[in-house]
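Welcome to the tour. Open your viewer, get your selection tool ready, and follow along one stop at a time.

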Amino acid sequence: MPLQAYMHPRRTTPRRASSTQTHSAFAFPAPQAGINTAQPLPGGNPLTAIRLENLIPRALGCQMRKGYLRWVSNLDGEVRSFLKYQPATGTPELFAATSTGSIYDVTVATGSGVTPVPVTSVVGGQPDGEWTSLNFVSSAGVHGLVAVNPGGGYWVYDGVTFTQVTMGVGVGQIDGVDPDLFVYVTVFKNRLWFIEGGTTRAWYLPVGQFYGAATEFDFGAMLPNGGALAALVNWTYDGGGNSAGTGGGSGSVNNQLVVVGEQGDVLVYGGDDPDDPTLFQAVQGRWYVGRVPVGHRFFSLYQSDVIILSERGMCFMSELMRGQGFFENVGRAQAINSALAPEIARSLDTRYWEVVFLPQQQMIIINRAEVNVENLQWVYEVNNKAFATLRGIPMLTVTTFNGQVFNGDLDGNVWWTFEGNSDASIDDEPGTDLQAVVVTAFQPMGEGVRLKRFLMVRPSFISDSPPGIQATLNKEWNLGVSNDSPPYLGAGENFWDVGLWDVAVWSGEGQSYEAWLGASGTGRYASLAMRVRGAADTIFVSWQALVEQGGIL
């Protein structure tokens, strides 16, 4: 035991009481679990956010999305559909269909002064420019792009010419039904299947054929909620030892047909020969998902699953078959369905609610209907299984082509999406700076019953150039963010020792950026409310808050 000095009582200096420490610091990660509208506002998961715009939840934090560049412009109407011709050999081609019925080749970018010439025009569509399409190889090895426009008929593109298929018994014709009645096309078990508009009837062709005798299959008796057929989806998945009650042996791969009615009935059919009712029938049961949006774009294949949008929100086919889906499943869309479902329900008859898997971005994008004047989309990051929103991309429809993402807008433009450091870049001229917004879940900063005075907040980033931010702490339950645009200098430009109240710009060539910013106000709960301007791929990593603890009253 070490010796200690002994102090004579008469020489001991009276000890002064130290002042009580009233400041408390708290550290939080970025909201990598994404938006969650289902949890209560008080004391939400600190990994979640209430608003998360243009920041995608990724492995290291929330990453600023990339911008978009003009690809082709001056088309003669709204860009409503993309058609992709992708042969096994030869040059892939991308086509854009507009609201005037014109179809343009947009495979190669053109200058803003170029007015493209349509390769063909299909008028009389209901509506014009709305196509479903796919690539198909016949039994003879002929590759073609098959496409259907409601009211505009059934067309085949062979790599040179778009040809309309007519009714008849001759070569290159369809017998048994007028193909002008078709509104939708898919492929199942190497047969082309079509939906006859305004009915519950589907028509299928012989195996491996573009043309020939069409056979009717009426699903009406299996749709108790009524309405016409809305979609037929070719669904391939691993049987997984029958763990979902889906049939098939252990490790087997099942290929089945998902049938969706306008009023929300969902069926799963299996079998190889629709001519034989004992070999082609409903095999999994029937589910009700609520009415689906118009336009045949409310579903998407994702890995071994099918995503469906309806007035009840977003669900995955695999979840329905497990007795989950919508609000019951805590793992996926339950986080946003309380917000998404009312949006869809209000605009079921407005084109286009669209869901597309973008493998290059590792995202599922939910494109809102045309009433989307805010240019706002929902996105689901498939690795983190987290939701966010995108803002500022004028998107009527979206597709992937040759490893890139393209979208069409209401003004006759095709944009190369998720590319570059600015929005709406034209002819190599930068567009507007990228901006993001985050409002995190509210945190008690200690005891939720005690009042706190907000002192400072410090966000942390990783970036190739210093971001500009505007950040503060919101009291309960303020969801707003300042509309003021934070100052931002691109890479290679610097401010030294500049720190404005609630505004900060950093400089230097390092990869990490952070600074304390002043905060004001009082509250029992606090949320980070921040607007960011910065380069693409800037990562929001974490944030810290400094508060002064107060009393209960």
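Start by selecting strand 8, residues 93-98, where six of the six residues are buried. Keep in mind as you look that this is a predicted model.

Now show the side chains of strand 8. Which residues lie on each side of the strand? Glu93, Phe95 and Ala97 are on one side, while Leu94, Ala96 and Thr98 are on the other, and all of them are buried, leaving both faces covered. In a regular strand, side chains point alternately to one face of the sheet and the other.

Next, add strand 7 (79-85) to the selection. Strand 7 runs antiparallel to strand 8, and six bridges link the pair. To find one of these pairings, pick tyrosine 85, whose bridge partner in strand 8 is glutamate 93.

Then bring in strand 9, residues 102-105, which is antiparallel to strand 8 and joined to it by three bridges. Here alanine 96 stands opposite tyrosine 104. Follow the chain from strand 8 into strand 9 and you trace a hairpin with three residues between the strands. Stop in the turn at glycine 101, which has a positive phi of about 95°.

Time for the pockets. Probing the atoms with a sphere the size of a water molecule reveals where space is left empty.

Select Lys84, Ser133, Leu134, Phe299 and Ser300: of the 34 residues that line the largest pocket, these lie nearest its centre. The volume of this pocket is about 970 Å³. Strand 7 comes back into view here, as one of the strands that supply at least two residues each to the lining; others include strand 11 (132-137), strand 16 (182-188) and strand 25 (299-302). Colour the lining by residue type and you will find 18 nonpolar, 13 polar and three charged residues.

For the second largest pocket, with about 430 Å³ of space, select Glu262, Val294, Gly295, His296 and Arg351. These lie nearest the centre of that pocket, among 24 lining residues. Its lining divides into eleven nonpolar, seven polar and six charged residues.

Finish by colouring the model by pLDDT. The protein averages 89, and 87% of the residues score at least 70. Residues 1-8, however, fall below 50, and this stretch has one contact in the model beyond near neighbours in sequence. Select residues 240-250 as your last stop: pLDDT stays under 50 there too, and the model has 21 contacts for this stretch beyond four places in sequence.

Notes. Residues numbered from 1 in each chain as written. Predicted model: local features only at pLDDT ≥ 70, side-chain atom pairs only at ≥ 80, totals over all residues. Heavy atoms only, no water. 1 Å grid on protein atoms, 1.4 Å probe; cavity = no way out; pocket = protein on both sides within 12 Å on 5 of 7 lines; lining within 4 Å. Points joined across faces, edges and corners; volume = space filled by probe spheres on them. Helix = DSSP H or I, 4+ residues; strand = E, 2+ residues; numbered from the N terminus. Nonpolar A, V, L, I, M, F, W, Y, C, P; charged D, E, K, R; others polar. Buried < 20%, exposed > 50% of the residue type's maximum accessible area, 1.4 Å probe, protein only. Pairing = 2+ DSSP bridges. pLDDT = per-residue confidence, 0-100. Contact = heavy atoms within 4.5 Å.
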